Amino acid sequence: MPSVPVPFPGESLASWVDAIALHTEIPRKTLLRDYWGLPHGPAHFPHGMPDGLSDDDRERIAAATGVPTEDLAGMQLDRYTDQPIPALPYSHDDAWEAEARRHLNNILIIPQCSRWCPHCLKANGGRWLLRWRLAWSFACVEHQVFLCGHCPSCGDTQGHRGQPQARLRCPRIPSQRRSSSWKHRCGHPLTETTATPVTDPRLLEIQQSIHHSLGDGLRPAARSIRLLFYHPLTMHLIDRFQSPEMFHEADPALRTANNGSRNRRSSAYRSDVDPLVSASALYLADQLIASPDRASRANAFADLAHARWLREQERGVQYFGYMGDVPMEFPRSVRDVPPWVTEPLHAQGLLAERTPAVAPPLGFRVQ
Ligand SMILES: [Zn+2]
Ligand SMILES: [Zn+2]
């Protein structure tokens, strides 16, 4: 087959296949089926692109393109879901580690969508990075901006399996249109999307630390946030109890995102794709888990959550969050939340139990 462009560092396999299709002018389907001998069809690649490849598939692609199989494996989401997460091997508890990995895998990957950094896309000519598909990737450390999640023109999310032309422009078709012709598509240049600068250096440290903890990127100089991986379910409590006042000291972008004003959003808006939603949760999680004064942070968190609950009660709101009544019962799946987070919430009457039903296996003891 013709020579192919080499994968860009960190590029997703789907993006690279699109880059080859564009470069060689061979349709992606033909490439997969006729040049690489991969069975092509809904059963094998449900979305038309190889998200999961067998070893045999990788061997075939490696033979055709000269790109080593290990490199191909590193370009797939399986690298996060099928292998140990580097931040986790210190637990000495296989069952707990398997559970934590399963949960992290469930919350780590954004289904069917990808965020993007417009500066990166512009610099690399439209190569989409694999880590932009991770829910805990909220910023580009290199360009020090929050990633983008939605097209500023049509408001829709961006796929990671777009047609080759779609790598630089929004490929969405307004719902009233049926034609897939490019003249009917949104076509907004994704490289020109305004990216919000990250002004809080701690957020960039968190992002770098997450990359490193997942096996990507250099070890950050700042303290580790490995505990964030030990206690991924802390995010669950944050989703439930967060309030705007918790962001008074945060990056201006997070303050704005959490100030309670309801911006008009398109019907295609998805909070799980919004990088500012992830950044907000991780900012609070870092304070509750990894901050040197985490105990006082946890107390402040509980006080603010309680104040919000009182406010909502006065307004006649029966409950807030998505989990139902206060005090909140721990869902069965929630067990690895540290006691210094749960105790103040319990003391404020927001949690029914002081600790999750299953004791954390990491040696934390209830006082
Ligand atoms: Zn970038
Ligand atoms: Zn658009």
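The following exchange concerns a predicted model of one chain, and it moves from the overall make-up to single residues.

Biologist: How many helices and strands does the secondary structure of the chain come to?
Modeller: The chain has 367 residues, of which buried residues make up 40%. Among contacts with a separation of 6 or more, 64% join residues 24 or more positions apart. The secondary structure of this predicted model comes to 14 helices and two strands.

Biologist: Which residues touch the most other members of the largest nonpolar core?
Modeller: In soluble globular proteins, nonpolar side chains tend to be buried together. Here the largest nonpolar core holds 82 residues, and the largest share of this core, eight residues, comes from helix 12. Because domain 1 (13–76) and domain 2 (201–347) both give residues to the core, it lies between them. The members that touch the most others are A139, L147, A285 and L350.

Biologist: Which residues does A139 touch, not counting residues up to four places away in sequence?
Modeller: A139 is one of the core residues that touch the most other members, and L147, another of those residues, is also among the residues that A139 touches. With residues up to four places away in sequence set aside, the full list for A139 is V145, F146, L147, V198, L203, L204, Q207 and A279.

Biologist: How are helix 12 and helix 13 oriented to each other?
Modeller: Two packed helices are described by the angle between their axes and the distance between the axes. For helix 12 (residues 275–289) and helix 13 (residues 294–314), the axes come within 7 Å and cross at roughly 125°. That angle lies outside the range of 65 to 115 degrees for roughly perpendicular and is not over 145, as roughly antiparallel would require, and therefore the two helices are oblique to each other.

Biologist: What is the make-up, by class, of the contact of helix 12 with helix 13?
Modeller: On the side of helix 12 the contact is made by Q287, L288 and I289, and on the side of helix 13 by R294, R297, A298 and F301. Sorted by class, these residues come to four nonpolar, one polar and two charged.

Biologist: Is D286 of helix 12 buried or exposed?
Modeller: D286 is found in helix 12, and its C-alpha atom is separated by 10.0 Å from that of R297, eleven residues apart along the chain. Leaving aside neighbours within four places in sequence, D286 is in contact with I206, I225, L228 and S291. There are 22 other C-beta atoms within 10 Å of D286, and the cut-off is 20 or more, so D286 is buried.

Biologist: What is the C-alpha to C-alpha distance between E59 and L72?
Modeller: E59 is found in helix 3 (residues 55–65), where its 13 C-beta neighbours inside 10 Å make it count as partly exposed. E59 and L72 are 13 residues apart in sequence, and their C-alpha atoms are apart in space by 9.4 Å.

Biologist: Where is E25 found, and is it buried or exposed?
Modeller: E25 has a positive phi of about 60° although it is not a glycine. It is found in the loop between helix 1 (13–24) and helix 2 (28–35). Because E25 has 8 other C-beta atoms within 10 Å, it is exposed.

Biologist: What is the value of the positive phi of Q112?
Modeller: Q112 has its place in the loop between helix 6 (94–108) and helix 7 (118–124). With 13 other C-beta atoms within 10 Å, Q112 is partly exposed. Although Q112 is not a glycine, its phi is positive, at about 65°.

Key: Residues numbered from 1 in each chain as written. Chains lettered and ligands numbered in written order. Predicted model: local features only at pLDDT ≥ 70, side-chain atom pairs only at ≥ 80, totals over all residues. Axes fitted to C-alpha atoms, helices over the stretch in contact; angles between N-to-C directions. Helix = DSSP H or I, 4+ residues; strand = E, 2+ residues; numbered from the N terminus. Parallel < 35°, antiparallel > 145°, perpendicular 65-115°, else oblique. Contact = placed C-beta atoms within 7 Å. Nonpolar A, V, L, I, M, F, W, Y, C, P; charged D, E, K, R; others polar. Buried ≥ 20, exposed ≤ 12 C-beta atoms within 10 Å, placed from the backbone. Core = buried A, V, L, I, M, F, W, Y, C linked by C-beta atoms within 7 Å. Domains from an automatic or database assignment.
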